[in-house]
Amino acid sequence: MSENKPAGAPASRVTVPRLLRMKQSGERIAMVTAYDATFARMIDEGGADILLVGDSLGMVVQGLDTTLPVTVDEMVYHCRAVSRGARRALVVGDMPFLSAQITPEEALRNAGRFLSEGGAHAVKLEGGRSAAPTVRRLVDAGIPVMGHVGLLPQSVHAMGGFRVQGKTEDAAARILDDAHAIAEAGAFSVVLEGVPSDLAAQVTRELGVPTIGIGAGPECDGQVLVCYDLLGLTPDLKPKFAELYAEGRDAVARYCSEVRAGSFPSEEHGFGKVKREESADAPEPPARTGYGPQA
Ligand code: KIV
């Protein structure tokens, strides 16, 4: 974070122009997905520059096999929660399947909801050259747009599964062209998902806006991870940074056995006894039964 404030001062919000300056100065961009206020607050405090409210929430939160059934209403709801938890990071809302593909006007109406109702600062949409007129329409209306090319989860059926894209010379040339078209249409950044590292490096060299990679090698201007994967909450994925799934499961197992043994809650976790006459006027401490962060 090169634009840090002195210790103790609130960190200033990451903005679109600041992300462009980060590309120019070679400062890497860290983006992480978030879907609710508590995770948003934790990831923001951890220093992520961008919080992406990804439609991946269909898979990690809703338990779906693909992102296709996720709706604009659901995305806006999660954006509202995330933007309440984010203090410093730029919040980007992901436009779900068919919310940006039908007409640029419909895309504009949907994108506007992410900003006006969801509190997001920008939107992301999947697609290459064919999505460029939509990107232009949104940008002209003052909505910052992040593009997304390469492996497109919303096109999972057309791609025949979640497969690495751009492996032949022709396919790589199409992805390069897609990235250029989206950047020329005014996108402030482009996600490169599931493409060979040398292709991602070439796109990164050629574009004037930052590339954010996921499964695209180390030479992008930034990286993005789904927070459940980063935190080790995805059971089948080898965790690298944390193992919260195993820790959470073990914590629940300890809780269950203490409840069954009658050792939780103990007196210290309770709220004492009914007030009898002599203590009836004593001030009451606030009751905290849980429910996450509270002011
Ligand atoms: O939906 C999502 O989380 C995404 C990222 C993985 C880029 O699109």
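This is a short tour of a predicted model, stop by stop.

**Colour by confidence.** Begin with the whole chain coloured by pLDDT. The average is 94, and 94% of the residues score at least 70. Among the elements of the chain, select strand 4 (residues 122-124) for the highest mean pLDDT, 99, and helix 7 (residues 156-159) for the lowest, 96. Where pLDDT is low, the predicted coordinates should not be read in detail.

**Show the strands.** Next, display the strands alone. A barrel is closed by 8 strands in the order 1-2-3-4-5-6-7-8, with parallel pairing. From one strand to the next, the twist averages 25°.

**Select residues 145-150 and 189-193.** These are strand 5 and strand 6, which pair in the parallel sense over 5 bridges. To find one bridge, pick Met146 and look across to its partner in strand 6, Ser189. Now add residues 169-184, which form helix 8. Helix 8 packs on the sheet and touches both strand 5 and strand 6. The direction of helix 8 makes about 175° with that of strand 5.

**Select residues 72-85 and 104-116.** The last stop is a pair of helices, helix 4 and helix 5, whose axes lie 9 Å apart at an angle of about 20°. Angles under 35 degrees count as roughly parallel, and helix 4 and helix 5 are therefore roughly parallel to each other. Their crossing is right-handed. Show side chains for the contact: on helix 4, Val72, Asp73, Met75, Val76 and Cys79; on helix 5, Asn110, Arg113 and Phe114. By class, this contact of helix 4 with helix 5 has 5 nonpolar, 1 polar and 2 charged residues.

Methods
Residues numbered from 1 in each chain as written. Predicted model: local features only at pLDDT ≥ 70, side-chain atom pairs only at ≥ 80, totals over all residues. Heavy atoms only, no water. Axes fitted to C-alpha atoms, helices over the stretch in contact; angles between N-to-C directions. Helix = DSSP H or I, 4+ residues; strand = E, 2+ residues; numbered from the N terminus. Parallel < 35°, antiparallel > 145°, perpendicular 65-115°, else oblique. Left-handed = near helix turned anticlockwise from the far one by under 90°. Contact = heavy atoms within 4.5 Å. Nonpolar A, V, L, I, M, F, W, Y, C, P; charged D, E, K, R; others polar. pLDDT = per-residue confidence, 0-100. Pairing = 2+ DSSP bridges.
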